[in-house]
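Biologist: Please take one buried polar side chain and look at it closely, then work outward to the rest of the fold. I would like the distances and the cut-offs behind each term.

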Amino acid sequence: MAELHDDVLPNILKRLNVSDLIRCKSVCKSWENLISDSGFIKFHMNYSYQIDYKNNDIDRRIVMSRVSYRNGSRDCDVDDRLFDDRDCHLLGSSNGLVCISSFASQLVVANPSTREVQTLQEPQILDTKHLCWGFGYDSSTDDYKVVLGFRKRVGWTCFQVLSLKSNVWKLIGDVKYSFHSRIGILCNGALHWIMKDSSSPNKKRVIASFQLSEEKFIKISEPDDERYESGVASCPNMNLGIIEDCLCVFPCDGFNDNLWMLKNYNGKLSWEMFEKDCDMNLALQCLKEQEHYVPNKRTLCRDMLFYKTKEYICAPIYMESLVSPYVNGRPKRKIQESNSKKSCKLIKRDPMLPGASG
């Protein structure tokens with residue numbers, strides 16, 4: 001059988017989804033090495049992104065599975081709504097990886113498509129109820145980071161950060177804000193929360209941004225527009241989200257009429273009002289809620305749901321990928337030390353059977 005050129009096979013395999021690529025690893029050793037190569041994993045991920053956003057105009061999001069409200073009804077949760085009503089939370093998503101607090105302060109990073117799960121070091125904090133979280137990719141170090149903020153005292157939040165490569169929590173410092181939103185919105189290499197400035201007379205809300213590469217906070221200026229002041233800033237609650245790779249802000253109620261997008265993020269800040277009649281092709285992945293996330297024989301996601309509304313724009317963006325949560329390499333299987341410790345044992349044959357020696 002004729003062999004394919006080195007540049008032909010990757011261009012064929014990049015068109016397959018993750019489940020098919022996993023099966024293709026069994027074809028031969030060279031295919032397994034290619035599909036497991038970090039260069040091909042990024043190549044496949046970038047191609048999938050281009051297909052979704054540039055060609056098919058599909059916006060993929062991920063949320064926790066359907067959960068029960070106290071009144072018995074059920075709904076897909078964007079997590080910030082029911083943060084105090086359960087123990088399991090989706091803390092963020094980036095490049096196909098999701099960060100989950102599966103039970104109390106137990107943290108895992110998982111790839112729902114490949115079913116790989118890595119357990120993270122637990123943070124050493126006293127207050128496990130009043131927390132804010134974030135998860136994202138740091139392109140400067142090719143690493144993923146988990147950010148944790150906890151209430152240190154009234155009006156102050158202390159932040160720590162953990163990178164997957166180190167799996168060690170590091171102190172960032174205190175900020176003179178109290179968090180209003182729990183889950184940080186990942187956009188352009190930074191996590192964003194709505195926080196309250198306790199030092200201001202009216203405890204004004206601000207948009208705080210944590211730069212993952214520089215590990216520092218900056219304050220994002222809000223729209224200087226009367227429509228924003230009356231339609232968003234004056235509302236009791238407002239949320240952050242992401243649309244078309246842009247950070248957006250809107251009131252909890254009636255956001256279809258008052259949704260603002262932050263344009264030119266890396267240059268001059270420019271807020272624009274989102275067009276009311278602009279539709280979205282939103283594909284919603286529902287992550288299974290489990291007490292302990294461990295690899296199993298099935299994907300960690302349920303069936304995909306499709307929406308034409310902007311209801312889930314504050315949910316994390318999600319894309320299936322081959323990215324492994326084991327950034328330092330997959331753990332090797334334990335090899336038994338000697339043949340005497342093998343589970344297989346010689347069975348003593350019955351001397352009455354044919355071929356048995358006395």
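Modeller: The side chain of Asn-111 makes a polar contact with the backbone oxygen of Ser-321, at 3.1 Å. A polar contact here is a pair of N or O atoms within 3.5 Å; within protein, one atom must be able to donate a hydrogen and the other to accept it, and residues adjacent in sequence count only if both atoms are side-chain atoms. The model is predicted: local features need pLDDT of at least 70, and side-chain atom pairs count only at pLDDT 80 or more, while totals for chains, interfaces and linings use all residues. Residues are numbered from 1 along each chain as its sequence is written, and side-chain values use heavy atoms, with hydrogens and water left out.

Asn-111 belongs to strand β5. Helices (H or I, at least four residues) and strands (E, at least two) are DSSP runs, numbered from the N terminus. With a relative accessibility of 0%, Asn-111 is buried; buried means under 20% relative accessible area, exposed over 50%, and partly exposed in between (1.4 Å probe, protein chains only). Beyond the neighbours within four places in sequence, Asn-111 is in contact with Gly-96, Leu-97, Glu-116, Ser-321, Leu-322, Val-323 and Pro-325. Contact means heavy atoms within 4.5 Å.

For the wider setting, the protein has five helices and 21 strands. Of its 358 residues, 44% are buried. Among contacts with a separation of 6 or more, 50% join residues 24 or more positions apart. The accessible surface, from the Shrake-Rupley method with a 1.4 Å probe, comes to about 20200 Å², and 49% of that surface belongs to carbon and sulfur atoms.

Next, the nonpolar interior. In soluble globular proteins, nonpolar side chains tend to be buried together. A nonpolar core is a set of buried Ala, Val, Leu, Ile, Met, Phe, Trp, Tyr and Cys residues joined through side-chain atoms within 4.5 Å. The largest one has 31 residues, and Trp-133 and Val-146 have the most contacts inside it. At least two residues of this core come from each of α1 (8-13), α2 (18-24), α4 (38-55), β4 (97-103), β5 (106-111), β7 (131-138), β8 (143-153) and β9 (156-163). The most is given by β8, with four residues. Apart from this core lies another, of 16 residues, including Val-63, Ile-243, Phe-274 and Ile-313. As for Val-146, its contacts outside the neighbours within four places in sequence are Cys-99, Leu-120, Trp-133, Gly-134, Phe-135, Gln-160, Val-161, Leu-162 and Trp-169.

The charged side chains come next. A search of the whole structure finds ten salt bridges, each a side-chain nitrogen of Lys or Arg within 4 Å of a carboxyl oxygen of Asp or Glu. One of them joins Asp-59 to Arg-61, with 2.8 Å between the closest N and O atoms. Both partners are buried: Asp-59 has a relative accessible area of 9%, and Arg-61 has 0%.

Another pairs Asp-174 with Lys-152, where the closest N and O atoms are 3.1 Å apart. Asp-174 is in strand β10 (residues 169-175) and Lys-152 in strand β8, so this pair ties together parts that are 22 residues apart in sequence. Each is partly exposed, Asp-174 at 32% relative accessibility and Lys-152 at 47%.

Strand β10 also takes part in a further salt bridge, between Glu-215 and Lys-170, at 2.8 Å from N to O. That pair links distant parts of the chain, 45 residues apart: Glu-215 is in the loop between β14 and β15 (216-220), and Lys-170 in strand β10. Lys-170 is partly exposed, at 43% relative accessibility. A network of salt bridges links Asp-138, Lys-145, Lys-170 and Glu-215.

Last, a helix. In α5 (residues 226-233), the buried residues are Tyr-228, Gly-231 and Val-232. Seen down the helix axis, they fall within an arc of 90°, so they line one face of α5; the arc is that of the directions from the helix axis to the C-beta atoms. The face turned away from that buried side carries the exposed residues Glu-226 and Ser-230. Cover for the buried residues includes β14 (205-211), β16 (238-243), β17 (246-251) and β18 (260-263). At the N-terminal end, Asp-225 caps α5 through a side-chain oxygen 2.7 Å from the backbone nitrogen of Arg-227.
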